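Got your viewer open and a selection tool ready? Let's take a short walk, from the whole chain down to single residues.

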Amino acid sequence: MKLNGVIDSLNFSSSQMESYFKNDDNYSIEAVKSIGVFEPHRWVQEFKKPLTRNIIEAKMLHTSTGLILPIKRNSRSQKMQVIEFAGLQAYTDTSKLLSELLKGLLEQIESEHIVRLDVAIDFKGKIPNRVIKKLCEDREPFRFWNTTYYKSKSEKKQNNRLNIKTYSKSNKEKLGEEINRLEFVFLRDYLKKLQVKDIENSFKKMEKTIRRFSGLEVQISFL
């Protein structure tokens, strides 16, 4: 029996990002780091992490439903903006609103490129020891706060291909039962200019990667 893997986060890039939200009263965009604007405390206030040096422009998308999403422009690709849909499967009302927002955009953004895709596999109780042992065959565990990262032995500080991590969802979301998450984070170099419209065509490759590192048979679903 295959386990269910769900898309928890999706980041896509666009040269016309803000045009998707302009001229619509349901959205507003707040500049945090831009020409003549620098308010890094707002970023920390909303996203609980600081702006890094490689972010040359930062804005926040506000929606009429109360969502706040980060929009960033990185030094590596200065002509493109990236928006983050993080926490699509977070067991919260916010995750439902995020999913609805993304669904409404899919037709418009079908030709845009995905630059990050997180696949989550949740377990009631502990993640099986056989899975952890399999992860440790090729990767070394590194604990930081409440998350354990599994880094490849040849991995350098900058990794733009694949991250693997585990953490407790019950702690983060204060759930009434113990749920632990194994998450595979597929990045730009792995995705290779994957367009939004082709996302489901990439699932078989990702499922093979998950099986290779964890031994798990997983079927990925999207929204």
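The stops below go from the overall fold to a charged patch and then to a pair of residues.

**Whole chain.** Start by showing everything as a cartoon, and keep in mind that this is a predicted model. Colour by secondary structure: the protein chain holds six helices and twelve strands. Turn the C-alpha trace along its principal axes, where the span is about 50 × 35 × 35 Å. How does the radius of gyration fit a compact globule? For 223 residues such a globule would have a value near 17 Å, and the 18 Å of the protein chain agrees with that. If you colour by accessibility, buried residues account for 45% of the 223 residues.

**The charged patch.** Now select Arg-161, Lys-192, Lys-205 and Arg-212 and show their side chains. These residues gather on the surface as a patch of positive charge. Zoom in on Arg-212, which sits in helix α6, residues 203-214. Is Arg-212 buried or exposed? Its relative accessible area is 55%, and because exposed means over 50%, Arg-212 counts as exposed.

**Ile-132 and Tyr-150.** Next, move to helix α3, residues 129-138, and pick out Ile-132 there. With a relative accessible area of 24%, Ile-132 is partly exposed, since that class lies between the buried limit of 20% and the exposed limit of 50%. Finally, add Tyr-150 and draw a distance between the two C-alpha atoms. The label should read 9.6 Å, for residues that are 18 residues apart along the chain.

Notes. Residues are numbered from 1 along each chain as its sequence is written. This is a predicted model: local features need pLDDT of at least 70, side-chain atom pairs count only at pLDDT 80 or more; totals for chains, interfaces and linings use all residues. Side-chain values use heavy atoms; hydrogens and water are left out. Patches are made of residues with over 30% relative accessible area and no salt bridge: like charges are joined within 9 Å, nonpolar side chains (Val, Leu, Ile, Met, Phe, Trp, Tyr) within 5 Å. Accessible areas come from the Shrake-Rupley method with a 1.4 Å probe; for residues, only the protein chains shown count as cover. A salt bridge is a side-chain nitrogen of Lys or Arg within 4 Å of a carboxyl oxygen of Asp or Glu. Lys and Arg count as positive and Asp and Glu as negative; His and the chain ends are not counted. The place of a charge is taken as NZ of Lys, CZ of Arg, CG of Asp or CD of Glu. Helices (H or I, at least four residues) and strands (E, at least two) are DSSP runs, numbered from the N terminus. Buried means under 20% relative accessible area, exposed over 50%, partly exposed in between (1.4 Å probe, protein chains only). The radius of gyration is taken over C-alpha atoms; the globule rule is 2.2 Å times the number of residues to the power 0.38.
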